[in-house]
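Notebook open. Today I am going through one model and jotting down what I look up as I go.

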Amino acid sequence: MSEGGAFSRPGARFDRILGAVVWLAAGGIAAVLIWITGDTLQRGLSEVDIAFLTTEPTDAGRRGGIVSVVVSTLMILAVTLTAAVPLALGTAVFLADVSARWSAAAAVVRWSLDVLAAVPSIVFGLFGNALFCVVLGLGYSILSGGLTLACMVLPVMIRTAEQALRSVPAELRMNAAALGLRRTARLWHIEFPAAVPGMAAGLVLGIGRALAETAALIFTAGYATRMPTSVMDSGRALSVHVYELAMNVPMGDRRAAATATILMILVLCITSAASSLLHRRRIFRRSEA
Amino acid sequence: MIRTESLSVRYGSRTVVRDVSLRLRCGRITAIVGPSGCGKTSFLLALNRMIDLVPGAAVAGRVLFQDVDVFDRRNSIAELRRRVGMIFQKPVPFPLSIRANIQLGLKEHGVRNRRDREAMMEQVLRDVGLWDEVSDRLDCLATKLSGGQQQRLCLARALALDPDVLLLDEPCSALDPVAAACVEKLITELSRNRAIAIVTHNLAQARRIADDLAVFWVRDGSGTVIAQGTAEEIFSRPPCPTVSDYLSGRTG
């Protein structure tokens with residue numbers, strides 16, 4: 001329809017301008033993503049081969065592969081999730097369900113979470129070092145690193161899980177209660193399954209943050225490049241490896257890009273696996289007796 | 001079966017139900033009628049303590065289920081709600097399979113044997129006339145059923161627990177006339193060996209199925225019962241002009 005046509009309306013131009021702005025914003029975001037991914041892949045992909053994925057790094061990472069780093073990363077992530085997921089679920093249930101009668105306590109918890117979410121990760125690193133490495137005597141270890149990351153991802157996981165639980169229709173809760181289902185049964189069979197998609201989003205965000213973290217890990221998990229044999233060993237995460245290669249190892253740039261490539265692929269794989277797993281679980285639950 | 005003595009319900013400082021003494025008898029359907037906002041639903045919610053889930057709600061007076069005070073702390077709420085079932089205006093199946101919808105309650109109330117649960121499920125689905133419609137897709141999502149089927153599923157879900165009392169809050173108002181007639185017929189059959197209370201705005205429906213009638217009305221800002229007795233008696237000889245005007249459709 002042309003401007004000034006039979007059906008034109010004042011303000012139609014603003015619609016078009018707004019439309020253009022929206023497209024520009026969305027396109028810009030996509031462009032940034034494509035640029036980062038493309039740049040990393042272009043510089044790193046040529047370095048990636050089977051040997052890179054299956055051997056341990058030597059010569060400070062300039063030669064050899066990254067297998068021990070990948071293993072350390074996955075172990076740190078496992079520790080993080082093992083500690084954070086139950087805590088996050090428990091706190092979310094408290095905030096969404098129980099807190100009606102304990103509004104003052106809930107306010108304190110919410111406020112703590114907001115503050116926690118705003119703390120820079122380097123501070124988490126120092127705190128994790130003081131508490132886990134020194135006070136609890138865990139030393140520089142995968143366990144220390146994982147627990148520190150757990151503290152860091154808790155706010156985002158709790159908030160998304162709380163929102164997911166709150167968005168479960170109240171009618172479902174009422175109907176479950178009317179059948180004489182106890183609170184635990186209501187949570188377990190009705191509210192959790194209904195909240196799973198929202199919780200999956202929180203899990204993915206948490207995993208993303210954990211895998212991306214560097215500063216908090218340098219002080220807690222350390223940067224030993226050898227293959228870890230237990231969670232008590234020090235281990236270098238992929239992001240720490242990227243940082244070391246790029247900043248502290250001369251001629252490490254290409255290896256840094258290659259490691260970054262693997263890190264990105266890993267993030268993509270784990271997050272999509274986590275969300276699809278949770279969605280499948282939900283469908284399974286539905287058909288279960 | 002279940003009766004109230006001077007039951008009052010408050011939400012914060014607002015009294016929505018005042019001083020209601022009513023009796024639901026076994027084998028009879030008690031229709032609870034009255035204009036919107038006169039406390040009918042709140043009254044019903046108090047009977048099986050669903051009111052506990054409403055923030056800020058407080059109850060005074062007594063609710064006696066088989067001569068036991070339901071608000072006595074020693075009694076199990078879960079068991080009370082098993083024996084005093086409730087159906088809401090809008091059918092809300094759980095987003096689970098049809099089978100899970102029925103068996104979840106059974107499992108929770110201690111029917112451990114899978115075969116028992118299957119048999120009970122078939123029985124109640126037959127009772128509500130749903131078996132032939134869904135027996136070949138018990139593992140499909142219950143939310144995919146039509147509105148009338150969903151309401152019958154909700155009834156079956158409550159029936160599976162073999163309640164002594166059924167509280168129905170406008171169970172037909174969200175249904176089309178055909179589905180409503182089907183549910184209505186079902187309610188009549190179910191009343192044979194239980195006490196049923198049905199809140200309804202449909203006076204024709206009350207006239208068709210009710211044995212007893214209670215008319216709620218707002219007096220001094222809160223809902224209370226202004227007439228109760230057998231349906232026949234109140235419909236034919238309304239005790240006061242307010243009731244007579246309401247029942248004949250001139251007010252309310």
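Entry 1. I started with Phe43(B) and skipped its neighbours within four places in sequence; what remains in contact with it is Val9(B), Val17(B) and Val20(B). This is a predicted model, so I keep that in mind throughout. Phe43(B) sits in helix α1 of chain B, residues 40-47. Buried or exposed? I counted 29 other C-beta atoms within 10 Å of Phe43(B), and the cut-off for buried is 20 or more, so Phe43(B) is buried.

Entry 2. I also checked how far Phe43(B) is from Glu108(B). The two are 65 residues apart along the chain, and their C-alpha atoms are separated by 27 Å. Glu108(B) belongs to the buried residues of α3(B), which took me to that helix next.

Entry 3. How many of the eleven residues of α3(B) are buried? Ten are, so I noted the helix as mostly covered. Among the buried ones I wrote down Arg99(B), Ala100(B), Gln103(B), Leu104(B) and Leu106(B). What do they pack against? I found α4 (114-127), α5 (131-134) and α6 of chain B, together with α8 of chain A. Just after the helix I looked at Gly110(B), which follows α3(B) and has a positive phi, near 90°.

Entry 4. Next I took the pair α3(B) and α6(B). Two packed helices are described by the angle between their axes and the distance between the axes, so I looked up both. The axes of α3 (residues 98-108) and α6 (residues 147-159) of chain B come within 8 Å and cross at roughly 30°. Angles under 35 degrees count as roughly parallel, so that is what I call α3(B) and α6(B). I have their crossing down as right-handed.

Which residues meet there? From α3(B) I listed Ile98(B), Asn101(B), Ile102(B) and Gly105(B), and from α6(B) Leu153(B), Ala156(B) and Arg157(B). Sorted by class, I get four nonpolar, two polar and one charged.

Entry 5. Last, I turned to the two chains. I find 20 residues of chain A in contact with 27 residues of chain B. On the chain A side, α7 (170-178), α8 (183-212) and α11 (253-287) each supply at least two residues. Which helix gives the most to that side? It is α7(A), with six residues. By class, I split the chain A side into eleven nonpolar, four polar and five charged residues. I had already met α8 of chain A in entry 3, where the buried residues of α3(B) pack against it.

Notes. Residues are numbered from 1 along each chain as its sequence is written. Chains are lettered from A and ligands numbered from 1 in the order in which they are written. This is a predicted model: local features need pLDDT of at least 70, side-chain atom pairs count only at pLDDT 80 or more; totals for chains, interfaces and linings use all residues. Two residues are in contact if their C-beta atoms, placed from the backbone, lie within 7 Å. Helices (H or I, at least four residues) and strands (E, at least two) are DSSP runs, numbered from the N terminus. Ala, Val, Leu, Ile, Met, Phe, Trp, Tyr, Cys and Pro count as nonpolar, Asp, Glu, Lys and Arg as charged, and the others, Gly among them, as polar. Axes are lines fitted to C-alpha atoms, for helices over the stretch in contact, and angles run from 0 to 180 degrees between N-to-C directions. Angles under 35 degrees count as roughly parallel, over 145 as roughly antiparallel, 65 to 115 as roughly perpendicular and the rest as oblique. A crossing is left-handed if the near helix is turned anticlockwise from the far one by less than a right angle, and right-handed if clockwise. A residue is buried if 20 or more other C-beta atoms lie within 10 Å of its own, exposed if 12 or fewer, and partly exposed in between; C-beta atoms are placed from the backbone.
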